Every structure is written in C-alpha cells, then in structure tokens.
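Here are my comments for a colleague who is meeting this structure for the first time. Please keep the sequence and the model side by side while reading.

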Amino acid sequence: MPVESGSSTAARQAKQKRKSHSLSIRRTNSTEQERLGLQRDMLDGQDSKLPLSLRSNLLDLFSQIEREFENLYIENLELRRDIETLNDRLAAEGQTLEGADLAKGALKTKASHSTSQLSQKLKTTYKASTSKIVSSFKATTSRAVCQLVREYVGHRDGIWDLSVSRTQPVVLGTASADHSAMLWSIETGKCLLKYMGHQGSVNSIKFHPTEQMALTASGDQTAHIWRYMVQLPTPQPVADISQQTPCEDDVDFSDKDEADGEVEGPNDCPSVRVATTTLRSHQGVVIAADWLVGGKQVVTASWDRAANLYDVETSELVHSLTGHDQELTHCCTHPTQRLVVTSSRDTTFRLWDFRDPSIHSVNVFQGHTDTVTSAVFTVGDNVVSGSDDRTVKVWDLKNMRSPIATIRTDSAVNRISVSVTQKIIALPHDNRQVRLFDMAGVRLARLPRSNRQGHRRMVCCSAWCEDNTSCNLFTCGFDRQAIGWNINIPALLQEK
C-alpha cells in the first residue's frame, strides 16, 4: 500500500484549513444581514431610554465580540483536528517500527523508551499540578473558623488605626479622623476613655511597652504622649452577633452603607484633653508613631518626608531620619532590638539600625511598584511589607536583595499586622476584605463579610492580641467601627 508523503499530507491539511476558513467567512457574511435585521427588531421592540444611535453602536460592538469568539472557536476546532492527525501519524509510525526488521530493533527500543518516558512525565506533571490545585482549594475552604465577637462603635468618622495595650489592664485603642482617640474594654465593647487633645485627625495610636501611656500621631503636625487610668467593667454575657462561620462563607448580600447615619458617641465616657508630652518639629502631617524597645524613645513618621527620633523624658529631637523621596506612610519598631522601619510613597521602605550608638546604618528595600503603605517586624529576622500595588512581601533582614515570599491580591493593602504566636499575616484591603496568610505566602482564610457582619467601607488597619481574650484579631475601617474577631486556625492548616 502506498504511503502518503509528509509534504503531500501537509499540503492537504493546509488546503482543508483554507477551505474551512473560507467557509466560516462566507457563513459570517451570509448571516450579516440577518444580524442587522435582528438588531433593528431588538431596537424597535425594547423600551430603553438610551439614544437609538448609542444602542445601535452597542449592538455593533457586541456583534464584533461574538464574531471574535466564533473565530476563536473555529480555530480551536482546527487545532484539535491537527492534534488528532498528529496522533494518528504517531500511531502509524509506531506500527511501522513494530513491523520493521530486526536491524531496527535498537531504534524501536529507544523510541519506545523515550515515548514511555514522555508519557510518564506528562502523567506525573498533570497529577502533580492537579493535586496542587486540589490541595490549594482544601486549604482555603476551610476548617478555619472566624467568628465576629464584638463591634466597637462610637467614633464620628473613619478609624485609621488601632492597637492593643501590652500591659494590664488589656484595652483596645482606636485613632480616628474625628480628632479623637478612644480606649475600649475588649470584653464588653464599652468606651473607657476618650483622648481629645489633638486639633487634627488622629492617624495612629501605640501603647507604651510597660506603662499606662499612649502615643498618638496627628494631622496637626504633632505627636502626643498621654497617660491613662481605666478600670475594666464587669464582663457581660457575649451577645451572639455572629454564629461560628467558616472563613470563606462570606457572600456579600448588600453594598449598602449602613454606617452613613450619624453615630452618637458614648456620653458617659470620661475624657482627657491635655497631653503629658507634645512632640513638635515636623512640617507636615504626622502619619504614624511608635515606641522604641524600652519605651524611652519614640519615632514619628511625617508627610514632610522625614522620620524623627525623640527622647521621651526631655521631648528633645535626637535624630532626624531623612532620605525618602516622598511622603512617609508608616513607621514601626522592632519588639526586642533598636531597629526602625519607615515606609513611603516613593515605593521603598528603609531599615534604620540604632543598635550601635556610634553608627546609624540604613538599608533601602526596593521591590514594590507603588506606595508602601506599611512595613512591620516579626519576632524573627523578617520584615513584612504591604503596598498599594496589591502585593505583600516577606523579607529576610540577612538577605535584602529579594523577598522570600510574595503574596498577590486583588486590592490595595493597608496597615498589616503579624501575629507573634501564630505567625499569621492579617491583610486589610481597600475592597473591605481582610485576608489571612502564613509567612510562606499561603492563604489561610478570609474573614466573613456580608450585609450582616464585617466592614462596609475600606479596612484601614489590623492588630493582633496575644493575650487570652475573647478576641485575638481586631480590624478597623472607614465605616467608623472597629471589630473584634476570634480566629481559630488549626495547626494542620497552618502547616500547609
């Protein structure tokens, strides 16, 4: 039986392809008039307030899209036929090899072996990729349980920042654009104290590591240190605000902003109006501030592109940290070492080392493509940075050239936080979501969000609580409320 040559086969296939393509073109042209007629019928039969010309243009565009999809579909069918033809040819060549003489035995063995290896490699790759996809679905659908425990409502404007005190009694602090900062009972949701000493938006709040003092930064170009004395009320039975919910079951039923109404602040909340210490020297908004280890010095970050280091006792400026090209967005200190990290709109963050009093070194981290909204330390030798470029990166202080993990999201990331005990990163987003990842960049959970629970505006900040309280994660946003969550992520899920 004569065997068709490779050139004649290729010519026949090309001819079939041209024929199929020409048929599709003729079919498209023949149905063009029908489509135009259908468009006219649709325009006449529909009641719409759009101008007729605009509706006609829209229908034309949809028709073009349909034709593009039709062409892609036809090309897909042709590719499938080509694949079947190639498979038939390979099968025919395999039969020829089997019928060949013994002199070609080595070639047959080699071809069979290589074919077997290729087949096994494809199966292994497919199985591995499928298993990876399935395991990723298992990791995100979750045995993790996220329960909304309590809402802290009382501010008259959005809440920029929140923090949990590190001394007893353990309280929650919030900083708001309504020019005030509030201290809350974690277990009851009651306001314990209201600080009203600032003349501008309060942008951040941090607690002293050993004393009952708070540090707030404001748009009035100052940072204030003020003392507080609070007594926790008797805990009340926890209201069933939310049933225990798997973290992924968060259908968004409504986009209504239920917080648009005027919120009355707590009338019986005592207030403080005078700061113990006022730190001045910035020429712009003070966007963030934090205590250095030991609590004897503080660092502030400002829109004047500088970060300042102050002595708490004397209020004197010790160092002015300059070098950023644009406004600063955040600052953070290491929990056990004299290290400071500052973030900026110039797409970088800088690590300032004050461990050696005679040498103040600085390292610049470049890896983001948009504003770095925050960078925070972990207990180990890592820094985690979040950005408006919708990524979060984990860095090793010993190797700063490239991140050791990158988390890609679908929305800008605001002030992140890392759990000391569980090593979980909480990501607050512009799109009202809060997601949890481990240090390797594996997604663990997403907090529930619906018209019944969760944030209804941009989530600005997150903060973990390592003490034994009913809530171990707090979030705040521009819906004027802070929310306390109980996050239960099994160890097995964290290992994945």
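The points below take up one sheet and then two pockets.

1. Please bear in mind throughout that this is a predicted model, and that the values quoted here are computed from it.

2. A useful place to start is an open sheet of 4 strands, in which the order runs β20-β21-β22-β23 and the pairing is antiparallel. Its edge strands are β20, covering 372–377, and β23, covering 405–408, each of which pairs on one side only. On average, and with direction ignored, neighbouring strands of this sheet are turned by 15° against each other.

3. Within that sheet, strand β22, made up of residues 391–396, is joined to β23 over 4 bridges in the antiparallel sense. To find this pairing in the model, one may look for V392, which stands opposite I407 in β23.

4. The largest pocket has a volume of about 890 Å³, and its lining consists of 37 residues, with R166, K206, V418, V420 and W464 lying nearest its centre. At least two lining residues come from each of several strands, including β2 (159–164), β6 (202–207), β12 (286–291) and β28 (459–464), and β20 is also one of these strands. Sorted by class, the lining holds 20 nonpolar, 10 polar and 7 charged residues.

5. The second largest pocket contains about 450 Å³ of space and is lined by 18 residues, of which W160, I287, T329, N414 and R415 lie nearest its centre. Its lining is made up of 7 nonpolar, 7 polar and 4 charged residues.

How values were computed:
Residues are numbered from 1 along each chain as its sequence is written. This is a predicted model: local features need pLDDT of at least 70, side-chain atom pairs count only at pLDDT 80 or more; totals for chains, interfaces and linings use all residues. Side-chain values use heavy atoms; hydrogens and water are left out. Two strands pair if DSSP finds at least two bridges between them. Axes are lines fitted to C-alpha atoms, for helices over the stretch in contact, and angles run from 0 to 180 degrees between N-to-C directions. On a 1 Å grid over the protein atoms alone, a cavity is a set of points where a 1.4 Å probe fits but cannot get out, and a pocket is an open set with protein on both sides within 12 Å along at least five of seven lines; lining residues have an atom within 4 Å of a point. Grid points are joined across faces, edges and corners, and a volume is the space filled by probe spheres set on the points. Ala, Val, Leu, Ile, Met, Phe, Trp, Tyr, Cys and Pro count as nonpolar, Asp, Glu, Lys and Arg as charged, and the others, Gly among them, as polar.
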